[in-house]
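Let's take a walk through this structure together, starting with the ligand and then stepping back to the whole chain.

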Amino acid sequence: MADEPGARVPYLADRLQGFGTTIFAEMSALAVRTGAINLGQGFPDYDGPPEVLDAAVAAIRTGQNQYPPGRGVPTLREAVARHQRRFYHLVYDPDTEVLVTAGATEAIAAACLALCEPGDEVVVLEPTYDSYQASIAMAGAVPRFVRLEPPGYRLDLDALRAAVSDRTRLLLVNSPHNPTGTVLTREELAQVAALAVERDLLVVTDEVYEHLTFDGAEHVPLALFPGMRERTVTISSGGKTFNTTGWKIGWLCSTPGLVTAITTAKQFLTYVNGGPFQPAIAAGLDLPDDYFTGLAAGLAAQRDELCAGLVEAGFGVFRPQGTYFVTVDIRPLRPDGDGMGFCRELPERVGVVAVPNQVFYADPDAGRHLVRFSFAKRPEVLREAAARLAKLGAGA
Ligand SMILES: Cc1ncc(COP(=O)(O)O)c(C=O)c1O
């Protein structure tokens, strides 16, 4: 949220005050105005695999341009089920246990709206991807935050346990985690699962970066742990895996009961979306393994390129194990630790855009000195950005 604290937006209902304009809109506008390299928003500046793009063109050309079925085209639901079985040995019925959504964003919103009563509590990891708080607020529910602390950004299981109360309805987990790049380990996930079972909680997991893990870090879906298949809503989307963030094709997998409940909310949000893009994402999900390993290897190299530049520039760099993002501590370069001020000045100073992590915290002070850069950019763009950032070390 980019609004200054306390600024009220006219007409806007109380429950959405504070969600005015996202920082991404402000920073992307700044990038356009200054011609800076935009490492703020998490989208690639390169296209997805030709098989996926060609399948979309073919779908448009063969008349798949009307409303798809409410739960998504069967081809995609079947491909999602195949993908879950192939990568994780999780078995879902494509007719009753898979729902196609307008990106992961709609899946998260629909899950909150469908599953929460007003006043219910939702436990989320903080820093928090910005749509979670808005989705929780739209459902009239209340967020309870469990903070991941630098430098390790590991999950504090005691803090998680302490955040669960009698009002807790959902655990909303994100791994690989935006913005920290943390990938929860099998041991951490096992304990999250044990807590969910013990307290009889529903769990919504956002796994949009499932294929973007580095250095051998392994993504393990929470639904795999004992007692979890029946209480977990697993969410993902094609945007990050196939470099098609503008298509907004997402999905969720769960039990028939949970899918039916969430479909009830979803059908009145968008009903359906992206008809011709759905079979195209299905083609992507069926690509051979080397596509997925190549994607992660390419991003790991991009991460290395950007992290080297950030270290060289003098930042404190928290090296991510996954996602598109790296978080840095700006205090070695800016002792007052004003991340918002730093990001607002950075485009004019050296021609690079980043986002201040304070927007991912309920208490902005907690993330004040942290800034996030995206490395989902072509290597030559990252090299140029790194060269520009290096000037900061020289006093630019
Ligand atoms: C953690 C997380 N969840 C969800 C999304 C949005 O996914 P989609 O574009 O499929 O709605 C993003 C996009 O940045 C994200 O970082």
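Before we look at any atoms, one term will help: a polar contact is a pair of N or O atoms within 3.5 Å. Keep in mind, too, that what you're looking at is a predicted model.

With that cut-off in hand, go to the ligand and look at its oxygen atoms. One oxygen atom of the ligand is 2.8 Å from a polar backbone atom of Ala104, so this pair counts as a polar contact, being within 3.5 Å. Side chains join in as well: an N or O atom in the side chain of Tyr209 is 2.7 Å from an oxygen atom of the ligand, and the side chain of Lys248 also has an N or O atom 2.7 Å from a ligand oxygen. How much of the ligand does the protein cover? On its own the ligand has 400 Å² of accessible area, and the protein covers 92% of that.

Now widen the view a little. The ligand sits in the largest pocket, with 13 residues around it. Thr105, Asp206, Tyr209, Lys240 and Lys248 are the closest of them. By type, the shell splits into 5 nonpolar, 5 polar and 3 charged residues. Helix α4, which runs over residues 103-115, gives the largest share of this shell, with 3 residues.

Finally, zoom all the way out. The protein chain has 13 helices and 13 strands. Its radius of gyration is 20 Å, close to the 21 Å that the globule rule gives for 396 residues, so the chain is as compact as a globular protein of that length. Along its principal axes, the C-alpha trace spans about 60 × 50 × 45 Å.

Methods. Residues numbered from 1 in each chain as written. Predicted model: local features only at pLDDT ≥ 70, side-chain atom pairs only at ≥ 80, totals over all residues. Heavy atoms only, no water. Near = heavy atom within 4 Å. Polar contact = N/O pair within 3.5 Å; in protein donor to acceptor, adjacent residues only side chain to side chain. Areas by Shrake-Rupley, 256 points an atom, 1.4 Å probe, with all protein chains shown as cover. 1 Å grid on protein atoms, 1.4 Å probe; cavity = no way out; pocket = protein on both sides within 12 Å on 5 of 7 lines; lining within 4 Å. Sits in = over half its atoms within 2 Å of the grid points. Helix = DSSP H or I, 4+ residues; strand = E, 2+ residues; numbered from the N terminus. Nonpolar A, V, L, I, M, F, W, Y, C, P; charged D, E, K, R; others polar. Rg over C-alpha atoms; globule rule 2.2 N^0.38 Å.
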